[in-house]
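Please read the explanation below alongside the sequence and the coordinates, moving from the chains as wholes to the spaces enclosed by them and then to the cysteines.

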Amino acid sequence: MKKNKISINGKIYFAEQGQSVLEVAKKNGINIPSLCYHPDLKPGESCRLCLVEVKGRKGLFTSCGLTIEDGMEIITDSPVIKKARKINLELIMAQHREECNDCVWGFNCRLLELAKEFKVDFDMKDRKSEEPKYNFGPAIHFDSTKCMDCQNCVQACAQQVGFLEVQEDGDFFKIGFAKDKDCIYCGQCLMHCPVGAFEGVGEFEEVDKALLNENKHVVVQFAPSIRVSIGEEFGMGYGKVVTGQLVAGIRKLGIDKVFDVSVGADLVTMEEAEELKDRIVNGGVLPMMTSCCPGWVKYVEYYRPDLIPHLTTVRSPQVLMGGLIKTYWAEKNGIDPKDIIVVSIMPCTAKKYEITKEELLVNGIKPVDYVLTTRELAYVMKKKGIDLSKLKPEKANVPLGDPSGAGVIYGATGGVMESALRTAYFKITGNNLKKIDFKSVRGINGCKTASVKIGDTKINIAVSSGIKNTECLLENMKHYHYMEIMACPGGCISGGGQPIPTTDEIRKMRIAAIYGVDKKKKIRSAHESVEIKELYNTFFKDEKNVHSICHTKFSQKKRMGAKKVK
Amino acid sequence: MEIIKALKESGLTGRSGSGFPTGLKWEMVKNNKGKKKYIICNASEGEPKVSKDKYILENYAEEVINGIKIALDTFRDSEAIIYINKEYYPLFKTKLTNLSKGLPISLFKKGPGYIAGEETTILEVIEGRRAEPRKKPPFPVEKGLYGMPTLINNVETFYYISKIFKGEYFGTRFYSITGDVKSPGVYELSADWSTKKILEETDNYPTSEFFIQIGGGACGEIFLEKELKNKPCGSGSIIVFDKKKTKPIDLMKEWADFYMKGNCNKCVPCREGGYRIVEALNEKKVNWERINEILFVLKETSFCSLGKSIYTPFSSLIKKILNEKK
């Protein structure tokens, strides 16, 4: 690709054609204040902070929307730029209601950082302080008093389902809700909001309630992707595997029993591989589609009920594990299931919705009682002065704490598919794969397809992440035998409960870390896991247990929309 | 290429306000490649107190349609849209439809707000999206409506294109004169006359102390009596204010309200700044420092030309009238 030479503040840089000035600056460590810019999105150019001057041109330009040209000379700071940034910042501050104690940006708020840097005056009355607040189902909270009208959420949602839209509202506009659409709770709005106008329902308020229940046995289970993301919240860097510290941190909160949802994922793999085999051999509905992503399931149940027969009946890892804890583990330890509180640490806001589904009850009891996101767990830990980076690694409790590598890669797009293939191959041929890495289904590409030979059968597979990508694949679904679908781009490692910011660069590092865990594991297939074998030789020998704990059914769902809350 | 040459030689410039050379614009649309080309006649006329496009449609609709027809003949595979002010639509619908018979010309009602008359916003509105301006470049002549090269000219411009084509153009333009004057109205006069001469010749030169706003009832600049030697620029609108009768603060409130209602709210300086100007003007003690700061960011950092243009009327009024009184 042709390289262009530009200068920024007198220094020469080479940049690729089509890049924006802001991108080049960021890549080279030059700080240009920006707020509404997000590398996932088309620049909205609404905040007017990333201002620069271009030699030979009149006026100021926003660097996020300014495409570089060969020979361009950029100045990122001047008295005029400073003055303009300060005034625009004051205007944004006066629009956005500050509620810093209750914000997903926590101590990383760029707005506050900039306010300090530019010595912003807070002397205007907040314009939006009387605006409404909403809950989207039991998952997402939208506080429009904090919204700065950048429309990032609308753009992010357009890549998903288009529930959020711009609506005219008197002299202004507002973020409204499309009448014929419903939220699937993926939380991508939250992940792209620069000012924390979105958060998980109960984020900050209910975290203590979940963990401090003295009369009950509170157990915590953590999802596969948490181990490669929560370290970011403690300044441990991107793509750092912190499984042991995570377990230790949870124990520091006073929780004795810590389980790994990746074991649940191994069980999902076992059941799903069996179901795939059955559908292929006995002429069942194909393609079979994964159902461990609750955002995707909500999408099917609301937008595409015609696809319900395609969904695997296997429950998601957290729900399956929760059910197992309240039966198998409860029995083993002689505890009444009613006295157990299961708290899941999830990368996901839709998981908060998933646990409210009545069809998932086991013997009339909820498998999971609370879902906390990665961010929420980090928040509680920080509040209690727990710093993960300072802790000695500990091991999760066994059983239900020692997964195969296949159970861990569930956290990345393609991981469920790869895990299922490893085991399905064994189930169909009776042999283990010689080469168990399926590189063609890995990576952040939103649409991946491949053909795999299992014995004499050629299986066509498709993996997608992000709903818009999924919709493209669904148009040709009859070509496939098996499809893995995740609502969030890149899979759970960039779910709506993950640390912010999340960008492609960060997604890649989290993904690399998760495959690193798999590679280091001795046992990398679900069917080889000692824990799993033990389960199928004992508790799961009884088909009734398998059925009630591992499987579910789906049905068309009505619109829940957005509900005004106080 | 005959017509483009004639347009260039005539020296005709766009009559919507920005004054871009018409011949050059036509040449660009002609030279830019596209499966199709679009011609848009901008009849949105959104400036308060200006009605010259309405006057032209009332009196010379044939010429306007003829101008559009010349464009249709000049650009292969082209289609035209008359993008029209909502109030004008019922008045001229039948006439324009009849005159367009057999031609690929359709009528499209203007979107909401003052911003909906801005040229890139017109494209968004016609394509069915929210009335928000597009990023430039690319300019409409390169990638306009549905990504095709698009010619956007004002009603008056099309009128004069027809005149030039027929060899009947003699260097005139339309002036809309309103306000505290004896004979308000729309006049077709020499484009070379100074503002002073225009007011005198139309019997509109005030007898008492006054100031004027040139270029539109919102975005126009304020001039004093001693500054009338120049030719009126922009859309050819002259609004006269009797100095004794006019309260500058009320005039500013009028503008501020107009902008707050008519902008798209996309970017911070215009949305929040516009709101804060209204707020500041309505306070007991007006915070001029704040207003000046906001005018500064409007001028320097607005996304589109509308936002940038807000600076002009306010700053010229503050400088020439308000500060003079102090």
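What percentage of the 566 residues in chain A is made up of buried residues? In this model, which is predicted rather than determined by experiment, buried residues account for 62% of the 566 residues of chain A, where buried stands for a relative accessible area under 20%. The secondary structure of chain A comprises 18 helices and 19 strands. Its radius of gyration is 24 Å, close to the 24 Å that the globule rule gives for 566 residues, so chain A is as compact as a globular protein of that length. Taken along the principal axes, the box filled by the C-alpha atoms of chain A is roughly 75 × 55 × 50 Å.

Chain B can be described in the same terms. It has 326 residues, of which 56% count as buried, and its secondary structure consists of 12 helices and 9 strands. For a compact globule with 326 residues one would expect a radius of gyration near 20 Å, and the 20 Å of chain B agrees with that expectation. The C-alpha trace of chain B spans about 60 × 45 × 35 Å along its principal axes.

From the chains we turn to the open space that they line. The second largest pocket holds about 950 Å³ of space, and its lining is made up of 34 residues, with Lys42(A), Glu124(B), Glu132(B), Pro133(B) and Lys266(B) lying nearest the centre. Sorted by class, this lining contains 11 nonpolar, 11 polar and 12 charged residues. At least two lining residues are supplied by each of helix 4 (152-158) and strand 8 (164-169) of chain A, and also by helix 5 (119-126) of chain B; helix 4 of chain A gives the most, with 4 residues. Where does the second largest pocket lie with respect to domain 1 (3-92) and domain 2 (99-204) of chain A? Because both of these domains give residues to its lining, the second largest pocket lies between them.

Enclosed space is a separate matter. Over the whole structure, a search finds 8 cavities of 30 Å³ or more, and the largest cavity has a volume of about 260 Å³. Its lining comprises 23 residues, of which Cys292(A), Pro294(A), Pro347(A), Lys351(A) and Cys492(A) lie nearest the centre. Helix 9 (294-303), helix 10 (317-333) and helix 11 (350-354) of chain A are the elements that give two or more residues to this lining. By class, the lining of the largest cavity has 17 nonpolar, 5 polar and 1 charged residues.

Two of the residues nearest the centre of the largest cavity, Cys292(A) and Cys492(A), lead to the question of sulfur pairing. Why is Cys292(A) not bonded to Cys492(A), which holds the closest cysteine sulfur? The sulfur of Cys292(A) is 7.0 Å from that of Cys492(A), which is too far for a bond, given that a disulfide needs the two sulfur atoms within 2.5 Å. Cys292(A) counts as buried, because its relative accessibility is 9%. For Cys472(A), the closest cysteine sulfur is in Cys447(A), at 5.7 Å, and this separation is likewise too far for a bond. With a relative accessibility of 47%, Cys472(A) counts as partly exposed. Over all chains, the structure holds 0 disulfides.

Terms used: Residues numbered from 1 in each chain as written. Chains lettered and ligands numbered in written order. Predicted model: local features only at pLDDT ≥ 70, side-chain atom pairs only at ≥ 80, totals over all residues. Heavy atoms only, no water. 1 Å grid on protein atoms, 1.4 Å probe; cavity = no way out; pocket = protein on both sides within 12 Å on 5 of 7 lines; lining within 4 Å. Points joined across faces, edges and corners; volume = space filled by probe spheres on them. Nonpolar A, V, L, I, M, F, W, Y, C, P; charged D, E, K, R; others polar. Domains from an automatic or database assignment. Buried < 20%, exposed > 50% of the residue type's maximum accessible area, 1.4 Å probe, protein only. Rg over C-alpha atoms; globule rule 2.2 N^0.38 Å.
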